[in-house]
Structures are given as C-alpha cells and as structure tokens.
Amino acid sequence: MPKPLSESTPNTWSFLRDAMITPTGFREYDARWKYPDDVNLLGITALGLGLGTQMHENGIEPVIAVGNDYRDYSLSIKNALMLGLMQAGIHVKDIGPAVSPMAYFSQFHLNAPAVAMVTASHNPNGWTGVKMGFERPLTHGPDEMGRLRDIVLNGEGVARDGGKYEFVDGVKEAYIDDLCGGFKMSRKLRIVCATGNGTASEFAPEVLKRIGVEVIPSHNELDYTFPHYNPNPEAMEMLHDMAASVKESGADLALGFDGDGDRCGVVDNDGDEIFADKVGVIMARDLSKIYPNSTFVADVKSTGLFASDPELQKNGVKADYWKTGHSHMKRRVKEIGALAGFEKSGHYFLAEPVGRGYDCGMRVAVEMCKLLDRNPDMSMADLKNALPVTYATPTMSPFCPDLEKYDVLERLVAKLVAKHEAGEKIAGRSIAQVVTVNGARVILDNGAWGLVRASSNTPNLVVVCESPESEAEMRAIFADVDAVIRTEPSVGEYDQTI
C-alpha cells in the first residue's frame with residue numbers, strides 16, 4: 001500500500017485517487033478528523049486496511065463488528081472503512097446505525113473479537129472518527145493507537161484474501177433487551193429525555209418507557225443537522241435546555257445523552273445541573289451499600305469527594321484517581337477489578353455485576369432509575385443535597401493547536417511543579433501535592449484543587465477547579481492557574497468560563 005498523503009484538496013485529481021489522512025487524527029484512544037478537510041474516503045479505507053492488518057499482527061481472529069452513528073456522512077465513512085477491513089481479509093459484521101455502547105454490546109452478543117464504531121462522538125458536525133478495540137470491553141489505548149498510526153501512515157497495510165461482508169440484523173433489539181431486562185419501576189417517575197436530535201434519539205426514549213418511566217421528550221426526533229444544539233451533556237447549552245424543560249414540565253429529573261450515546265448528563269427536579277462527577281458520587285454511595293468495600297475509579301477531572309465523602313468511607317470504598325479518557329478508564333477499571341469508573345465528562349464504566357465494563361449512557365439511565373426506585377422517599381435534588389458541598393467550575397477548554405498542545409502542557413506541568421517545590425501558593429493556600437498522572441492536578445492543603453491537561457480529542461487544553469470552601473476560593477484557584485496558562489502565547493480563548 002502506498003503511503004497516504006498528509007494533505008490534499010477536495011475537487012482535485014489526487015483527492016479522488018490517493019489516500020489522504022492527517023497524522024493528528026490518531027488520538028490517544030480513538031481516531032478523529034474533520035471530513036473532508038483532514039481525511040478523504042480513500043484515507044478511511046487505508047485506516048480499515050491498517051486496522052485489519054493490526055488484527056492479524058496481534059493474532060486476533062479476523063472478525064469485527066462495525067457500526068455508525070447518525071450523521072449524514074457516517075454511512076459513507078463506514079463503507080470506506082469496511083472496504084479496507086475486507087481488503088485486509090477481515091469478516092465484517094455490519095450492525096447498522098448504532099450508539100457506541102450498542103457496538104460494544106455487539107462484541108458480546110455476536111462473539112466478535114473486535115469492534116469499530118464510526119462516530120465523532122460529541123464533536124460538532126464536520127467531524128468523523130472511529131472508536132475501536134480488540135479485547136472486550138476495552139478499546140484502543142495510546143500504544144495500540146500509535147501502532148495503528150504507524151501501519152497506516154507508513155503504508156504497512158497488508159492485503160489478504162478471505163474478506164467477507166455480512167449485515168447482522170436484530171442487534172439493536174437485543175441491546176435494548178439487555179439494558180432493560182425484567183426491571184419495572186415501582187415508583188412513578190417523569191423524566192425529560194434529552195437527545196439533541198442525535199443517535200440516542202432512537203434508543204433512550206424506548207429504554208425509559210420500557211422500564212415504566214413517563215418520558216417527556218426533548219429534541220428526540222432524529223436530525224443530523226442538530227438544529228437546536230450539539231448533543232453534548234457536558235456543555236452548558238444542553239444542560240440549560242434540559243433545566244428549562246424540567247422547570248416547564250415539573251419533571252422529576254432530566255437525562256441527556258451525547259451524539260453517540262455513551263455519556264449521560266443529569267438535571268435534578270429543581271432544575272439544577274448536576275456535574276457528572278457528583279452524579280458518580282451519588283451512584284457510588286448507592287452501589288457501595290449493595291457492594292461494600294468496592295473500589296471506584298475516578299478521572300483526574302473529578303471531584304475530590306470520591307476520596308473524602310464520609311458515606312463512601314463508611315461503606316469501605318477505595319478511590320482510585322486515573323487518567324481521563326474512555327480507553328484509559330475502561331482499562332483501569334478492568335485491571336484493578338473496580339466496580340465502576342466515573343469521568344467528569346459523563347462517561348461511566350459500570351462493571352460486573354452491574355454492567356459489562358464499557359461506557360453506556362443508556363445503562364447509566366437505567367441504573368439511575370433503579371437508584372431512585374431503591375430510594376422512594378428521595379428526589380434527585382435530595383440525593384444531590386445530601387452530598388458534602390463543593391464548588392466546582394465546568395470543564396473549560398481554552399484553544400491550543402493540536403501540534404503544540406502536548407509541548408505546551410509539558411511546560412505548564414513543569415511550571416506548576418516548580419511553584420510547589422518553591423513553596424509558592426495558589427489562592428493563598430499551600431500546595432500539598434501535584435498529581436501528574438495526566439497533566440497537573442494541583443491539590444491544596446484543604447483538598448481544593450485545580451487541573452490543567454490536554455484534550456485528547458480536540459485542539460484544546462482542559463481546565464477544571466474545585467473548592468470545598470467557597471465559590472470565591474474556586475474562582476481564585478482558577479485565576480491563579482489561568483495566570484500560569486497565560487504564560488503560553490499559543491493558548492487561546494476559553495470555550496466557556498465561570
């Protein structure tokens with residue numbers, strides 16, 4: 001296979017003849033490009049050939065389940081990917097349009113050793129990508145993505161005989177059956193189901209109705225133009241819309257799902273947006289009563305309550321803070337035998353016996369309903385208000401070019417570590433520790449903290465701050481961390497701020 005071009009231009013001879021794929025699309029745990037600016041269909045076919053070659057290289061049985069999200073170009077991307085996989089001698093099992101967790105489920109349901117899901121996740125239209133994995137319920141991490149990048153960019157893909165295409169029907173129905181089981185609500189719940197017109201529109205309302213919930217629809221019509229907002233339950237635009245729907249309808253809560261259905265966001269009955277890490281603490285409190293002495297993994301963007309909450313401590317919980325990213329978190333949950341993993345972005349990884357270990361927004365929705373069923377005298381606001389109070393920023397993302405962000409982050413980490421070593425203060429408090437497992441989480445002497453890391457998916461840094469004391473301290477932490485960030489001239493404006 002010839003080496004792909006790193007850039008080309010639409011409406012040229014080479015764009016229709018040669019594979020074009022930019023190296024920056026190979027991220028830490030999946031692949032994402034702007035289409036057709038950064039990748040063409042021939043580039044996606046080269047990716048499929050590379051992925052199939054990697055399967056053979058790793059001794060994986062040459063069978064893969066493949067799905068696609070609901071965007072107008074995703075089917076074309078999937079067809080190009082499947083062509084490359086078949087060129088590599090792979091038996092492709094096409095499960096049709098899907099949410100990402102349905103694709104992960106299909107590995108178990110079809111006994112397929114590998115999976116490839118064509119999705120841009122929560123990225124806006126114009127983006128595409130692939131989430132892939134060889135060892136269920138895991139997906140590719142940095143090592144696997146690095147090797148795949150080298151195979152594709154160096155033209156190391158190997159064509160083999162034996163490729164086969166098969167369309168497999170009925171996976172969606174089996175996935176929903178698996179989610180719902182025989183569970184039925186014993187208390188009445190009215191839930192705003194917000195899907196932002198994305199792929200989850202085909203799944204979430206049906207799942208909630210099946211278990212006995214009264215669904216109040218919010219943008220549940222499939223529309224790949226996303227006419228209201230980009231479906232991303234970490235974005236305040238979607239959360240505010242969910243909150244307005246709760247207040248207007250008097251619902252018990254709102255559940256919101258991202259573009260490929262692997263994340264879930266929550267708004268309580270007072271119309272307050274609950275950041276996903278706090279929802280994780282609520283779930284951990286409930287699950288640790290049923291499964292005491294459990295270990296829970298939280299990503300470095302998440303609240304310190306996983307380690308400090310008295311209720312979790314009483315139930316013998318062990319907290320493990322780990323790298324942000326669905327691949328990192330899934331792998332960590334499996335490696336240490338955790339009951340669940342929680343990411344501030346809304347990815348939850350519920351392992352056996354609750355779930356299968358992969359991130360599934362629908363599974364979270366069902367488990368939240370079960371939690372409320374087990375606590376019939378408590379509202380969602382009651383459960384939130386029972387937590388120790390902390391003051392946290394949203395996840396904020398200042399622009400930083402993809403080709404520069406990791407070098408920028410390395411310098412920022414060094415500057416923050418140097419502040420600690422020099423005995424300098426943040427927000428007037430001593431720095432107790434700087435955790436550098438994923439960027440720099442600067443922990444102060446009262447448990448407050450500020451984080452800066454690089455986004456794995458977009459040209460941005462990621463900044464989060466939290467204080468157990470006050471909003472004023474949280475803002476002071478952000479101001480001091482941002483002052484360090486502003487020493488780097490290539491860092492641009494924030495997508496949102498406090």
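1. Cavities first. This is a predicted model, and it holds 3 cavities of 30 Å³ or more. About 110 Å³ of space lies in the largest one. Its lining is made up of 13 residues, and those closest to the centre are Pro233, Glu234, Phe275, Ala276 and Lys344. Sorted by class, that lining comes out as 7 nonpolar, 4 polar and 2 charged residues.

2. Next, the second largest cavity, with a volume of about 80 Å³. If you want to pull up the lining, select Tyr175, Asp178, Leu179, Tyr348, Leu350, Gly355, Arg356, Gly357, Tyr358, Cys360 and Arg363. Which elements supply at least two residues each here? They are helix α6 (171–180) and strand β15 (348–350). The biggest contribution is from α6, which gives 3 residues. The class split for this cavity is 6 nonpolar, 2 polar and 3 charged.

3. On to the open spaces. The largest pocket has about 700 Å³ of space in it, and 37 residues line it. Nearest its centre you'll find His122, Asn232, Glu234, Ser397 and Thr458. Helix α8 (residues 236–249) provides the largest share of the lining, and that share is 3 residues. As for chemistry, the lining divides into 18 polar, 10 charged and 9 nonpolar residues.

4. The second largest pocket holds about 530 Å³ of space. It has 19 lining residues, with Glu273, Phe275, Lys278, Thr390 and Ala392 closest to the centre. Five names come up as elements giving two or more residues to this lining: α8, β11 (273–274), α14 (380–385), β16 and α16 (471–485). By class, you get 11 nonpolar, 4 polar and 4 charged residues.

5. Some names turn up twice, so to speak, when you go through these lists. Glu234 is among the residues closest to the centre of the largest cavity, and Glu234 is also among those nearest the centre of the largest pocket. Phe275 is listed close to the centre of the largest cavity and again close to the centre of the second largest pocket. Helix α8 lines the largest pocket and gives two or more residues to the second largest pocket.

6. Strand β16 also has a part in the strand pairing. β16 (residues 391–392) runs antiparallel to β21, and 2 bridges join them. Where does Tyr391 find its bridge partner in β21? At Ser467. So β16 is one to look at from two sides: β16 helps line the second largest pocket, and β16 pairs with β21.

7. The other pairing in the list for β21 is with strand β20 (residues 449–454), again antiparallel, over 6 bridges. One residue pair to check is Leu451, whose bridge partner in β21 is Val464. A hairpin connects β20 to β21, and 6 residues make the link.

8. Last, is β21 mostly covered or mostly open? Mostly covered: β21 (residues 461–467) has 7 of its 7 residues buried. One side carries Leu461, Val463, Cys465 and Ser467, while Val462, Val464 and Glu466 are on the other, and both faces are covered. Both bridge partners named above appear there: Ser467 is the partner of Tyr391, and Val464 is the partner of Leu451. Glu466 is worth a look when you open the model, as a buried residue on the same face as Val462 and Val464.

Note on methods:
Residues numbered from 1 in each chain as written. Predicted model: local features only at pLDDT ≥ 70, side-chain atom pairs only at ≥ 80, totals over all residues. Heavy atoms only, no water. Buried < 20%, exposed > 50% of the residue type's maximum accessible area, 1.4 Å probe, protein only. Helix = DSSP H or I, 4+ residues; strand = E, 2+ residues; numbered from the N terminus. Pairing = 2+ DSSP bridges. 1 Å grid on protein atoms, 1.4 Å probe; cavity = no way out; pocket = protein on both sides within 12 Å on 5 of 7 lines; lining within 4 Å. Points joined across faces, edges and corners; volume = space filled by probe spheres on them. Nonpolar A, V, L, I, M, F, W, Y, C, P; charged D, E, K, R; others polar.
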